[in-house]
Amino acid sequence: MQLTHETTNFENRQFPVILLLDNITSEANIGSIFRLADAFGVEKLIFHGTPPNLNSNRLKRTARNTHTTVDFEIYEDATQFISDLKSSGYIMTAVEITSESKPISDFHLEANKILLVAGNERHGISEEILKNCDSAYHIEMFGKNSSMNVAQSLGIALYEITKVLRS
């Protein structure tokens, strides 16, 4: 028998993970990211750059009400916020293919607090933000394409990260 929201026995839990969304603009992706944040017990979403349209019907349909329950903040420029988080012990980790990135399946905990960064649907994480990251992880891909939808990649990354945090 399939269980419903009311009959599952999942433990409500929050992890010390903040998502920094660097100029993510797709309403469908933002709605999906709210749902992922809820599902994986993310502490907060930080929107950096172009503010999301939280009144969009597409975002609301995709978010399935999680945009009203997941904590978030919006910054045109999150530089000071990032600095404050790093000063308080957050390690800034990118989900991005870089010359030094490691496979997300090899994720190891560098600190108990993680500022996980995901980038724009078309251009990825901006150089300005990427240069502040302490580490970068990528998702190994086996086809001809070298990129993946940002919400899908965050789902994979959050699964791997929370798996480590739970152990």
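This is a short talk on a few local features of one structure: a helix, some loop residues and a cavity. The model is a predicted one.

I will start with helix α3, which covers residues 79-87. Its buried residues are Phe81, Ile82 and Leu85. Viewed down the axis of α3, these residues fall within an arc of 100°, so they line one face of the helix. The general background is that an α-helix has 3.6 residues a turn, so residues three or four places apart point the same way. On the face of α3 turned away from the buried side, we find the exposed residues Gln80 and Ser87.

What do the buried residues of α3 pack against? Among the strands, they pack against β1, β2, β3, β4 (90-95) and β6 (113-119). They also pack against a helix, α4 (127-130). After α3 comes Gly89, which has a positive phi, near 105°.

Now to phi in residues that are not glycine. As a general rule, most residues other than glycine have a negative phi. Two asparagines here have positive values. One of them is Asn23, with a phi of about 60°. Asn23 sits in the loop that runs between β1 (15-22) and α1 (27-39). The other is Asn65, where phi is near 80°. The loop holding Asn65 lies between α2 and β3 (72-75).

Are these two asparagines buried or exposed? Asn23 is partly exposed, at a relative accessible area of 27%. Asn65 is partly exposed as well, and its relative accessible area is 47%. The cut-offs behind that wording are under 20% for buried and over 50% for exposed, so both values fall in between.

Next is a loop residue on the buried side of that cut-off. Ser56 belongs to the loop between β2 (42-48) and α2 (57-63). With a relative accessible area of 6%, Ser56 is buried. A polar atom of the Ser56 side chain lies 3.1 Å from the backbone nitrogen of Leu59.

Last, the cavity. How many cavities of 30 Å³ or more does a search of the whole structure find? The search finds one. The largest cavity holds about 30 Å³ of space. Which residues line the largest cavity? The lining consists of Ile91, Thr93, Phe107, His108, Leu109, Glu110, Ala111 and Ile114. By type, that lining divides into five nonpolar residues, two polar and one charged.

To recap, α3 has its buried residues along one face, Asn23 has a positive phi, as does Asn65, and Ser56 is buried in its loop.

Terms used
Residues numbered from 1 in each chain as written. Predicted model: local features only at pLDDT ≥ 70, side-chain atom pairs only at ≥ 80, totals over all residues. Heavy atoms only, no water. 1 Å grid on protein atoms, 1.4 Å probe; cavity = no way out; pocket = protein on both sides within 12 Å on 5 of 7 lines; lining within 4 Å. Points joined across faces, edges and corners; volume = space filled by probe spheres on them. Nonpolar A, V, L, I, M, F, W, Y, C, P; charged D, E, K, R; others polar. Helix = DSSP H or I, 4+ residues; strand = E, 2+ residues; numbered from the N terminus. Buried < 20%, exposed > 50% of the residue type's maximum accessible area, 1.4 Å probe, protein only. Polar contact = N/O pair within 3.5 Å; in protein donor to acceptor, adjacent residues only side chain to side chain. Arc of directions from axis to C-beta. Contact = heavy atoms within 4.5 Å.
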